[in-house]
Amino acid sequence: DGILNLMEYAMGTHPLEQNAAQVSMSYSAGAIAIQYPEVTSRSDVSLVPETSASLENPAWSTVSATTLDIAGSKRMQEASLPTSNAKGFLRLRAVGD
């Protein structure tokens, strides 16, 4: 399905099975956001939302995430970026601890 194994592990999906989209994007008045699941019981990996003003010379910085919902061992997280600036980019990175 094209998703990196570390990302699959952090989101609780199987790397050998095709999964429905786990990460979604939304736009509301004044912000864009990404929503993603994260397994709470895995202390050896983290999902880190990041932002950059440019993709030509990216300088990625961490964006805080809020918990939208908790179901079993997964929590649905959301990271947002205000759209008051002319442009901005969001990405989600899996980091092994």
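Me: How many salt bridges does the count come to?
Reply: In this predicted model, the count comes to 3 salt bridges.

Me: What makes the pair Arg75 and Glu38 a salt bridge?
Reply: The closest N and O atoms of Arg75 and Glu38 are 3.5 Å apart. The rule asks for a side-chain nitrogen of Lys or Arg within 4 Å of a carboxyl oxygen of Asp or Glu, so the pair qualifies. Arg75 belongs to strand S6 and Glu38 to strand S2, so this salt bridge ties together parts that lie 37 residues apart in sequence.

Me: Why is Glu38 called buried or exposed, and where does Arg75 stand?
Reply: Glu38 has a relative accessible area of 9%. Buried means under 20%, and therefore Glu38 is buried. Arg75 has a relative accessibility of 28%. Exposed means over 50%, and partly exposed covers the values in between, so Arg75 counts as partly exposed.

Me: How do you know that Glu50 and Arg91 form a salt bridge?
Reply: The N to O distance between their side chains is 2.6 Å. The limit is 4 Å, so the pair of Glu50 and Arg91 meets it. The two residues are 41 residues apart, with Glu50 in strand S3 and Arg91 in strand S7.

Me: What makes Arg93 a salt-bridge partner of Glu50?
Reply: The closest N and O atoms of Arg93 and Glu50 are 2.8 Å apart, and this value is within 4 Å, so the pair is a salt bridge. Arg93 lies in strand S7 and Glu50 in strand S3, so parts that are 43 residues apart in sequence are tied together. Through shared partners, salt bridges join Glu50, Arg91 and Arg93 into one network.

Me: Within this network, which words describe Glu50, Arg91 and Arg93: buried, partly exposed or exposed?
Reply: Glu50 has 4% relative accessibility, which is under 20%, so Glu50 counts as buried. Arg91 has a relative accessible area of 30%, and Arg93 has one of 34%. Both values fall between 20% and 50%, so Arg91 and Arg93 are partly exposed.

Me: How do you know that strands S3 and S7 pair?
Reply: S3 and S7 are joined over 8 bridges in the antiparallel sense. Pairing requires at least two bridges, so the two strands pair. Thr51 stands opposite Leu90 in S7. The open sheet that holds these strands has 3 strands in the order S4-S3-S7. Strand S4 (61-62) and S7 stand at its edges with a single partner strand each, so one side of each has no neighbour in the sheet.

Me: What is the order of the strands in the sheet of 4 strands, and why are S1 and S5 called edge strands?
Reply: The order is S1-S2-S6-S5, in an open sheet with antiparallel pairing. Strand S1 (24-28) and strand S5 (65-71) each have a single partner strand, so one side of each is left without a neighbour in the sheet. Neighbouring strands of this sheet are turned by 25° against each other on average, direction ignored.

Me: What makes S2 and S6 a pair of strands?
Reply: Strand S2 (residues 31-39) and strand S6 (residues 74-82) run antiparallel and are joined by 9 bridges. At least two bridges are required, so S2 and S6 pair. Ala33 stands opposite Ser80 in S6.

Me: Why is Val39 in strand S2 called buried or exposed?
Reply: Val39, which lies in strand S2, has 9% relative accessibility, and a value under 20% means buried, so Val39 counts as buried. Apart from neighbours within four places in sequence, Val39 is in contact with Tyr9, Ala10, Met11, Gly12, Ser73 and Lys74.

Me: Which residues have the most contacts inside the largest nonpolar core?
Reply: They are Met7, Ile34, Tyr36, Leu47, Leu90 and Leu92, in a core of 13 residues. Helix H1 (5-11), S2, strand S3 (45-52), S6 and strand S7 (89-96) each supply at least two residues of this core. Not counting residues up to four places away in sequence, Leu90 touches several residues, including Ile32, Ile34, Trp60, Val63 and Leu81.

Me: What pLDDT does the chain average?
Reply: The chain averages a pLDDT of 89, and 97% of the residues score at least 70. Among the elements of the chain, S1 has the lowest mean pLDDT (90) and S5 the highest (95).

How values were computed
Residues are numbered from 1 along each chain as its sequence is written. This is a predicted model: local features need pLDDT of at least 70, side-chain atom pairs count only at pLDDT 80 or more; totals for chains, interfaces and linings use all residues. Side-chain values use heavy atoms; hydrogens and water are left out. Axes are lines fitted to C-alpha atoms, for helices over the stretch in contact, and angles run from 0 to 180 degrees between N-to-C directions. A nonpolar core is a set of buried Ala, Val, Leu, Ile, Met, Phe, Trp, Tyr and Cys residues joined through side-chain atoms within 4.5 Å. Buried means under 20% relative accessible area, exposed over 50%, partly exposed in between (1.4 Å probe, protein chains only). Contact means heavy atoms within 4.5 Å. pLDDT is the predictor's confidence in each residue, from 0 to 100.
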